[in-house]
Amino acid sequence: MGTCTFRASSEQALQRRATVLKDSGLGVGWRGGDLGKGNSYRFKSPDGHDMELVWDVEYAQVAPEDKSPLLNRPSKRPAQGIPVRRLDHVNLLCSNVTKNKDAFLDLLGFRLSEHIVAGDGSEIAAWTRVTSLAHDVAFMLDATGSRGRLHHVCYWYGYPQHLMDVADLFAENNITVEAGPGKHGISQANFLYCIEPGGNRVELFGDAGYLIFDPAWKPITWTEAELARGIIWIGSSLPAEFFRYGTPIVHESVGSVAAE
Ligand SMILES: [Fe+2]
């Protein structure tokens, strides 16, 4: 992951959050505009992931021939591949889940949706949100002990058939499918994980996930014994590298993370 950019809800919100981040010691500083965006406030997660907040962005200029007669669409539906609708969430590997999760809750206003807690009380993973999605940012314990790595970035697809179509496309074009198509316990969405040719894990996610509108939502706690069911709803085995593989890649002997 280069930089994970979040858009603030206003210029004032950007300034407020920049002050909070600066005071926390996680702030790096302001940076002038970059492609498609204006001034950003750069900061690091406690684990060292590079991040920034921005308000000013350039909206896409769509060529007349690509405009849709359905006026609330940014452009015509592509005639190939599958029409993913948005970047849905990012999942970050961390050396310490609680420390990173708490920074997002305390400094940026995120809320905890679900988490997995080990027998000793430590958090193995946490799913947090700042919208009504079940999660916008997830944190998972890096079993290699590395800091600041990416587990995956995720696109939302629209309809169940898209998941089968993308699985076909990957199978026929030598794209590694790590897990899925399947259904998550945590978040309840259907999913597929692939490793794109550059080595990053990418998730396709959609159709069955839930939304959170309850302002008094109580976080769901899964135990370590329920971990496999949390990731894959029927509790089937996870790929051995699921909690060890991330980018940048670290070279080590791969252990086993499997369901009971
Ligand atoms: Fe995900």
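Q: Which residues make up domain 1 and domain 2 in the domain assignment of the protein?
A: Domain 1 covers 4-54 and domain 2 covers 86-231. The model is a predicted one. The C-alpha centres of the two domains lie 23 Å apart.

Q: What makes residues of domain 1 and domain 2 part of a contact?
A: Contact means heavy atoms within 4.5 Å. By that rule, 14 residues from domain 1 and 19 residues from domain 2 take part.

Q: How many residues does α1 supply to the side of domain 1 that touches domain 2?
A: α1 supplies four residues, the largest share of that side. β1 (4-7), α1 (11-24) and β4 (50-54) each give at least two.

Q: What kinds of residues form the side of domain 1 that touches domain 2?
A: Nine are nonpolar, three are polar and two are charged.

Q: How much area do domain 1 and domain 2 bury between them?
A: They bury about 1,200 Å², with 69% of it on carbon and sulfur atoms. In domain 1, Pro-46, Asp-47 and His-49 lose the most area to domain 2. Together these three account for 49% of what that side buries.

Q: How many salt bridges does the rule find across the interface of domain 1 and domain 2?
A: Zero. A salt bridge needs a side-chain nitrogen of Lys or Arg within 4 Å of a carboxyl oxygen of Asp or Glu, so no pair across this interface meets that rule.

Q: How many residue pairs are in polar contact between domain 1 and domain 2?
A: The count is eight, with both residues at pLDDT 80 or more. A polar contact calls for N or O atoms within 3.5 Å.

Notes. Residues are numbered from 1 along each chain as its sequence is written. This is a predicted model: local features need pLDDT of at least 70, side-chain atom pairs count only at pLDDT 80 or more; totals for chains, interfaces and linings use all residues. Side-chain values use heavy atoms; hydrogens and water are left out. Domain bounds come from an automatic or database domain assignment. Buried area is the accessible area (1.4 Å probe) that two parts lose on being put together, summed over both. A polar contact is a pair of N or O atoms within 3.5 Å; within protein, one must be able to donate a hydrogen and the other to accept it, and residues adjacent in sequence count only if both atoms are side-chain atoms. Ala, Val, Leu, Ile, Met, Phe, Trp, Tyr, Cys and Pro count as nonpolar, Asp, Glu, Lys and Arg as charged, and the others, Gly among them, as polar.
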